[in-house]
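Please take me through this model in the viewer, one selection at a time, and tell me what I should find at each stop.

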Amino acid sequence: MRQPSAGEALAAALSAEYAAIYAYGRIGVRLTGAARDAAQQAEAAHRSRRDTLVVQLSTAGGVVPPDRAGYALPFPVTDRASALRLAAEVEERTAAHWRAALASTTGADRDQALAALVEYAVRATRWRKMAGLTPLTVPFPGRPT
């Protein structure tokens with residue numbers, strides 16, 4: 001199996017960022033107070049990383065995958081509990097794409113991938129804690145279980 005190039009790995013991470021932003025639109029409407037604020041901050045972080053990747057890939061002459069109009073959610077988001085559960089899953093799934101990018105990148109790109117992986121692993125832990133999910137942490141963030 002061929003390892004993706006750095007550009008391909010970053011493009012896959014960009015697609016994950018698009019999906020995360022979409023999901024936070026569904027998550028935020030089911031939350032209030034501090035949880036809603038946290039969702040807005042998370043969405044802003046994903047938007048910032050998306051914007052950075054679009055510029056980075058465009059400048060390097062890489063392929064910038066298009067955003068889609070919608071994304072399939074793994075389960076319906078109907079209340080606070082399901083919104084919190086989805087927030088944790090979104091961070092875990094996005095972290096997995098950045099973890100995969102570690103193997104294909106070097107230098108500043110690798111630093112970028114590691115920073116995203118760590119940020120999303122920490123945020124997933126916060127969402128799991130807020131949702132009352134266990135375990136709070138996972139031994140290898142971004143790695144399939």
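**A tour of the salt bridges and helix α2**

Begin by selecting E92, which is partly exposed, with a relative accessible area of 33%, bearing in mind that this is a predicted model. Add R128, which counts as buried at 6% relative accessibility, and display the side chains, since E92 forms a salt bridge with R128 in which the closest N and O atoms are 2.3 Å apart. This pair links distant parts of the chain, with E92 in helix α3 and R128 in helix α4, 36 residues apart.

Next, select E119 and R49, whose side chains meet in a salt bridge at 3.0 Å, N to O. Because E119 lies in helix α4 and R49 in helix α2, the pair ties together parts that are 70 residues apart in sequence. Of the two partners, E119 counts as partly exposed at 26% relative accessibility, whereas R49 counts as buried at 15%.

Now show the whole of helix α2, residues 33–59, which spans 39 Å from its first C-alpha to its last, close to the 39 Å expected. Its buried residues include A35, A39, A42, H46 and L53, and the elements covering the buried residues of α2 include α1, α3 and α4.

Within α2, select E43 and R47, which lie 4 residues apart, about one turn of the helix, and whose side chains meet in a salt bridge at 2.9 Å, N to O. Here E43 is buried, with a relative accessible area of 18%, while R47 is partly exposed at 34%.

Finish just after α2, where G61 takes a positive phi of about 80 degrees.

Definitions and conventions: Residues numbered from 1 in each chain as written. Heavy atoms only, no water. Helix = DSSP H or I, 4+ residues; strand = E, 2+ residues; numbered from the N terminus. Expected span 1.5 Å × (residues − 1). Buried < 20%, exposed > 50% of the residue type's maximum accessible area, 1.4 Å probe, protein only. Contact = heavy atoms within 4.5 Å. Salt bridge = Lys/Arg side-chain N within 4 Å of Asp/Glu carboxyl O.
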